[in-house]
Amino acid sequence: MARSRLVPPATTDLADTAALRAEVRDFLAEQLAAGTFIPSVDAWLCGWDEAFTTALAARGYLGMTAPEEYGGHGRSHIERFAVTEELLAAGAPVAAHWIADRQIVPALLKDGTEAQKREFLPKIAAGECFFGIGMSEPDSGSDLASVRTKATRVDGGWSLSGTKVWTSGAHRGHAFIVLARTAPVDPAHRHAGLSQFIVRFDGPGVQVRPIVSMNGGHHFNEVILDEAFVAEDMVFGEIGDGWRQVTSELAFERSGPERVLSTFPALSAVTENIVQQNISPDAELGRLVARVAGLHQMSTAVAGALERHEPADVAAAVVKLLGTSTEGDIADFADLRVGDDTAVDPRLRELVAVAVDQRPGFTLRGGTTEVLRGVIARELGMR
């Protein structure tokens, strides 16, 4: 194993975030008591609730890592991690702001222009600006080097043409960061010639088409760019540096607690049912809890690396890969536990049904299992 790629455990003591976690739990208890939300599985992807996002912003739980000069709160990645873990464990509806807060804030701080930071960061922190991601394309899967969306320089900016898919929240959001080709493909250097642009969903030449899931849910979209004009000041980062930028952003997308806790509300509810029914827990429940605990430590370590501005792309891929399998196993365990028992609370049955329903997507979003294995093997020299 290449030791330079190892990520050490986070050094922040649990006591440092204990008070913050208690504060978030009190907030969630108040919201639950008021009937503001009902805990759900995969709420970070499907639970779009702008009123809840506004309430979080009012408590200072959005834009936590952004400096105060940009409307943020100047807090650490570890503190933000603690807040997001509590929200996910509670099954709170955080989809509206999730991508903007998770991915766009750190990306803007790292690669955005001063004008872009001042335009978008305060609005994200206030819960007023929602972003999507424009990476995936039809027939490309997780192979981002194969993107065909083309950006051509024109007077005053760039013209973008191509199609992006699986763009969460595009039908409700304000903008997304698009990965596009600004130079012809070089077979010897497939990752070269890529650049990123901030594109507004309501701009000319941008069409959002819904992708409705088999269960009737609508959070994914296809976005058609037909000579969409992007002004020069909305070039994100440096032209030709898109691959470095996008791989850096993926560390935030792949390592977060949402890769571990999407089905946690179902596991929590099943465990509570086991206790109430005075059923003896089996070894599989213990194994799942242990896996979640281990992944918590790993994900926290990545948050610590991001706090130190250290590379964590490979560690993030490991967290995502292991988290995906754990979330899927939780769904299967809950499904087997509930079974055909007609005495099971309808709310529990619904949680489990959604967990099983969403299970196949775990292995796709944020990078397929096969691609992640390739990333890990390649970077650690295990060819």
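Is glutamate 258 buried or exposed? I looked this up before anything else, and glutamate 258 turns out to be buried, with a relative accessible area of 2%. A reminder to myself: this is a predicted model, and my entries below are readings of that model.

**Entry: the partner of glutamate 258**

I followed the side chain of glutamate 258 and found that it meets arginine 102 in a salt bridge, 2.8 Å from N to O. Glutamate 258 sits in helix α8 (residues 258–261) and arginine 102 in helix α5, so I noted a link between distant parts of the chain, 156 residues apart. I checked the partner as well: arginine 102 has 5% relative accessibility and counts as buried, since the cut-off is under 20%.

**Entry: other salt bridges**

I wanted some background on pairs like this one. Side chains of opposite charge can pair when their charged atoms come close. How many salt bridges does the count come to? I got 23.

Next I picked arginine 80, which forms a salt bridge with aspartate 101, with 2.9 Å between the closest N and O atoms. Arginine 80 belongs to helix α4 and aspartate 101 to helix α5, so this pair ties together parts that are 21 residues apart in sequence. I found both arginine 80 and aspartate 101 buried.

Then I turned to arginine 59 and glutamate 30, whose closest N and O atoms are 4.0 Å apart in their salt bridge. Arginine 59 is in the loop between α3 (50–58) and α4, while glutamate 30 is in helix α1 (residues 14–33), so the pair ties together parts 29 residues apart in sequence. For arginine 59 I read a relative accessible area of 35%, which is partly exposed. Glutamate 30, at 47% relative accessibility, also counts as partly exposed.

One more thing for this page: I found Arg21, Arg25, Glu85 and Glu86 linked in a network of salt bridges.

**Entry: empty space inside**

Now for the cavities. Rolling a probe the size of a water molecule over the atoms shows where empty space is left. My search of the whole structure gave five cavities of 30 Å³ or more.

I began with the largest cavity, which holds about 180 Å³ of space. Which residues lie nearest its centre? Of the 17 lining residues, they are Arg80, Phe252, Ser255, Gly256 and Leu306. I had already met Arg80 as the salt-bridge partner of aspartate 101. The elements giving two or more residues to this lining are α4 (77–89), α5 (95–111), α7 (242–255) and α10 (283–307). I sorted the lining by class and got eight nonpolar, five polar and four charged residues.

Why does the largest cavity lie between domain 1 (14–130) and domain 3 (247–380)? I put it there because both domains give residues to its lining.

I went on to the second largest cavity, with about 50 Å³ of space. I listed its lining as Gln103, Ile104, Gly132, Ile133, Gly134, Met135, Ile177, Gln196 and Glu249. Here α5 and β1 (131–134) are the elements that give two or more residues. β1 gives the most, with three residues. By class I noted four nonpolar, four polar and one charged.

**Entry: what the record lists**

I opened UniProt for the domain features. An unreviewed entry lists "domain: Acyl-CoA dehydrogenase/oxidase N-terminal" at residues 17–128. In the model I found that span to be 64% helix and 0% strand, with its end C-alpha atoms 27 Å apart.

UniProt also places "domain: Acyl-CoA dehydrogenase/oxidase C-terminal" (unreviewed entry) at residues 284–380. I read 80% helix and 0% strand over residues 284–380, and 31 Å between the end C-alpha atoms.

**Entry: two odd backbone angles**

Most residues other than glycine have a negative phi. I looked for exceptions and stopped at aspartate 42, whose phi is positive, near 60 degrees. Aspartate 42 lies in the loop between α1 and α2 (43–46). At 0% relative accessibility, aspartate 42 counts as buried.

Asparagine 278 is not a glycine either, yet I found a positive phi of about 55 degrees there. Where is asparagine 278 found? I located asparagine 278 in the loop between α9 (264–276) and α10. Asparagine 278 counts as exposed, at 71% relative accessibility, whereas aspartate 42 counts as buried.

Notes. Residues are numbered from 1 along each chain as its sequence is written. This is a predicted model: local features need pLDDT of at least 70, side-chain atom pairs count only at pLDDT 80 or more; totals for chains, interfaces and linings use all residues. Side-chain values use heavy atoms; hydrogens and water are left out. On a 1 Å grid over the protein atoms alone, a cavity is a set of points where a 1.4 Å probe fits but cannot get out, and a pocket is an open set with protein on both sides within 12 Å along at least five of seven lines; lining residues have an atom within 4 Å of a point. Grid points are joined across faces, edges and corners, and a volume is the space filled by probe spheres set on the points. Helices (H or I, at least four residues) and strands (E, at least two) are DSSP runs, numbered from the N terminus. Ala, Val, Leu, Ile, Met, Phe, Trp, Tyr, Cys and Pro count as nonpolar, Asp, Glu, Lys and Arg as charged, and the others, Gly among them, as polar. Domain bounds come from an automatic or database domain assignment. Buried means under 20% relative accessible area, exposed over 50%, partly exposed in between (1.4 Å probe, protein chains only). UniProt positions are given in the numbering used here, feature names are shortened, and annotations may be inferred rather than shown by experiment.
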